[in-house]
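Student: I should like to understand one part of this structure in detail rather than survey the whole. Could you choose a single part, describe it closely, and then explain how the elements around it are arranged?

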Amino acid sequence: QQARSLVLLLATLAATITYQAGLDPPGGVWPDNKNGHMAGDPILLTVNAGRYKAFYYCNSVAFVASLVAIILVQSKVMLETHVLEAAMVLDLFGLIGAYAAGSSRDLSTSIYAMALAGAVLVYVVIHVVFFTLNHGDPTPEEIKSVDKRRKRLLLFAVLAATITYQAGLTPPGGVRLQDDGSSGHQAGDPVLFYNFPRRYTAFFYCNSVSFMLSIALIILLVNPHLYRPAIRSYALAVCTGAGMFGLMGAYAAGSTQHLKTSIYIFVLGAVVLFVIAVLLLVFLDNRNANVTSQPRPENDDDEERKTKQAKRKYLMLLGILVASVTYQAGLDPPGGAWQHSGSGYDAGNPIMHDNQRHRYLAFFYSNSTSFVASIVVIIILLLEWKDGKRWSLKVMNTTIVLDLLALLVAYAAGSSRGWKTSVYVVALVIAVLAYVAVHIVLAISCCHSPREENSVDPARVAPAAPIV
């Protein structure tokens with residue numbers, strides 16, 4: 001059952017991102033018929049046919065292998081012989097090849113990107129070897145705890161691989177659709193590569209580190225003989241932390257125009273941590289004030305433990321959802337980016353930033369707050385408090401609610417171009433909440449309504465007649 005769930009999860013991930021990448025190839029498509037090429041054809045196929053073919057076949061192999069795995073995952077023979085797990089490992093290596101070929105334009109950078117995955121695997125092996133010398137055999141309770149932690153690590157790896165694969169193939173600022181002989185710009189190259197080389201380099205390597213880390217994590221999490229010692233020695237925790245910082249670094253470099261704004265994102269992360277710490281103190285004080293010394297039955301502890309696990313999974317899924325959508329929206333903002341420099345703006349910068357500055361700032365800061373808050377929540381949930389404290393889950397739940405409110409503000413600011421329409425979005429939210437509140441009131445009133453027809457008054461029941 002665990003193997004089936006793992007294969008389905010990985011196959012769904014690979015099928016989703018490879019399908020989108022195949023239909024929207026890196027480098028874009030030609031906008032017109034000119035110079036021997038046709039409109040709609042991939043630009044990279046004309047500019048660098050070898051690189052495009054390497055990307056296309058690696059991406060296609062990963063897509064086909066994932067579909068085959070989804071179809072054959074119900075076969076017990078395939079699972080017992082580990083054929084599907086081997087196919088998914090091949091699938092992940094196909095993703096690595098497609099990313100290395102499609103996210104860069106020179107051979108040396110592609111080699112660097114592929115070497116990152118190998119470096120991660122080597123580091124994990126060395127870490128496990130040196131930090132598990134004094135570890136004995138794990139107890140059944142430790143194995144159970146490690147398997148639960150593995151699920152959350154796998155969810156993070158799936159999140160990071162999904163969004164970084166797409167961002168690497170379609171970088172922020174878009175790609176050039178025409179050659180520019182005067183400046184040396186070539187069609188299919190990222191716009192930021194020439195206008196903001198440092199910013200693009202920071203984005204590329206942070207995004208690539210996060211992607212390769214996530215792929216290496218998934219490969220390690222397939223085999224229990226690898227992931228159990230790696231989780232016990234905190235080797236995968238180190239990789240996860242590095243992947244999180246890579247995501248934040250790529251977001252800070254790819255979603256902003258100035259260094260000061262990039263620094264703001266990391267300051268925002270510190271602010272979110274401070275707010276969570278304050279909430280922890282508040283909930284802890286309330287908990288200590290309400291603690292009773294009455295012992296609880298063992299069954300209640302089991303039920304409470306199951307409830308905490310369910311809440312933790314729920315919060316993790318919400319954090320992953322918000323982090324994925326806000327990461328993509330930050331790198332590809334509403335309104336698109338300028339394709340050419342001139343009239344006081346630079347190619348690669350968001351169009352809304354120059355045309356509707358206040359609306360763009362409202363979107364950017366709300367989206368960034370939501371992204372950073374979701375990343376912080378994921379990190380804290382991955383740490384897994386030793387005692388599984390209920391008050392920590394309340395803090396995470398409160399943070400997620402604030403996170404979703406910021407997401408709502410970003411949607412209202414970025415999905416329309418007039419403030420009146422944004423007000424309509426807020427009004428729709430209020431209407432939906434009122435609709436739900438009415439149903440809650442009706443449900444409560446129905447549950448507590450007296451049922452006179454079913455109730456019987458014992459005083460009114462006539463005594464049975466004596467049998468003569």
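**The second largest pocket and its surroundings**

Tutor: Helix 7 contributes five residues to the lining of the second largest pocket, and no element gives more. Please keep in mind throughout that this is a predicted model. The pocket itself holds about 620 Å³ of space. It is lined by 35 residues, and those closest to its centre are Asp 24, Gln 166, Thr 170, Pro 171 and Asp 332. Two or more lining residues come from each of helix 1 (2-23), helix 7 (140-169) and helix 13 (298-331). Sorted by class, the lining comprises 18 nonpolar, 14 polar and three charged residues. As a general matter, empty space of this kind is revealed by rolling a probe the size of a water molecule over the atoms.

Let us now follow helix 7, beginning with one of its residues. Tyr 165 belongs to helix 7. The relative accessibility of Tyr 165 is 0%, and the limit for a buried residue is under 20%, so Tyr 165 counts as buried. Apart from residues up to four places away in sequence, Tyr 165 touches Ile 17, Thr 18, Ala 21, Phe 55, Asn 59, Leu 95, Ala 98, Tyr 99, Ala 160 and Phe 211. Tyr 165 also illustrates how positions separated in sequence can be brought together: Ile 96 is 69 residues away along the chain, yet the two C-alpha atoms are 9.2 Å apart in space.

Helix 13 offers a second example. Ser 324 is situated in helix 13, and it counts as buried because its relative accessibility is 18%. Once neighbours within four places in sequence are set aside, Ser 324 is in contact with Leu 159 and Ile 163.

We may next turn to helix 10, which occupies residues 224-232 and has Tyr 227, Ala 230 and Ile 231 buried. Viewed down the helix axis, these buried residues fall within an arc of 95°, so they line one face of helix 10. The general geometry helps here: an α-helix has 3.6 residues a turn, so residues three or four places apart point the same way. The buried residues of helix 10 pack against helix 7, and also against helix 6 (107-131), helix 9 (197-222) and helix 11 (235-254). After helix 10 comes Tyr 234, which has a positive phi near 65°.

Helix 11 contains Gly 243. Gly 243 has a relative accessibility of 1% and therefore counts as buried. Beyond its neighbours within four places in sequence, Gly 243 is in contact with Phe 156, Ser 210 and Leu 213. Between Gly 243 and Met 212 there is a separation of 31 residues in sequence, while their C-alpha atoms are 8.8 Å apart.

Finally, these details may be set against the chain as a whole. The chain has 17 helices and zero strands. Of its 468 residues, 43% are buried. Among contacts with a separation of 6 or more, 76% join residues 24 or more positions apart. Two cysteines show contrasting surroundings: Cys 239 counts as buried because its relative accessibility is 3%, whereas Cys 446, with a relative accessible area of 52%, is exposed. With sulfur atoms required to lie within 2.5 Å of each other, the number of disulfides is zero.

Technical notes
Residues are numbered from 1 along each chain as its sequence is written. This is a predicted model: local features need pLDDT of at least 70, side-chain atom pairs count only at pLDDT 80 or more; totals for chains, interfaces and linings use all residues. Side-chain values use heavy atoms; hydrogens and water are left out. On a 1 Å grid over the protein atoms alone, a cavity is a set of points where a 1.4 Å probe fits but cannot get out, and a pocket is an open set with protein on both sides within 12 Å along at least five of seven lines; lining residues have an atom within 4 Å of a point. Grid points are joined across faces, edges and corners, and a volume is the space filled by probe spheres set on the points. Helices (H or I, at least four residues) and strands (E, at least two) are DSSP runs, numbered from the N terminus. Ala, Val, Leu, Ile, Met, Phe, Trp, Tyr, Cys and Pro count as nonpolar, Asp, Glu, Lys and Arg as charged, and the others, Gly among them, as polar. Buried means under 20% relative accessible area, exposed over 50%, partly exposed in between (1.4 Å probe, protein chains only). The arc is that of the directions from the helix axis to the C-beta atoms. Contact means heavy atoms within 4.5 Å.
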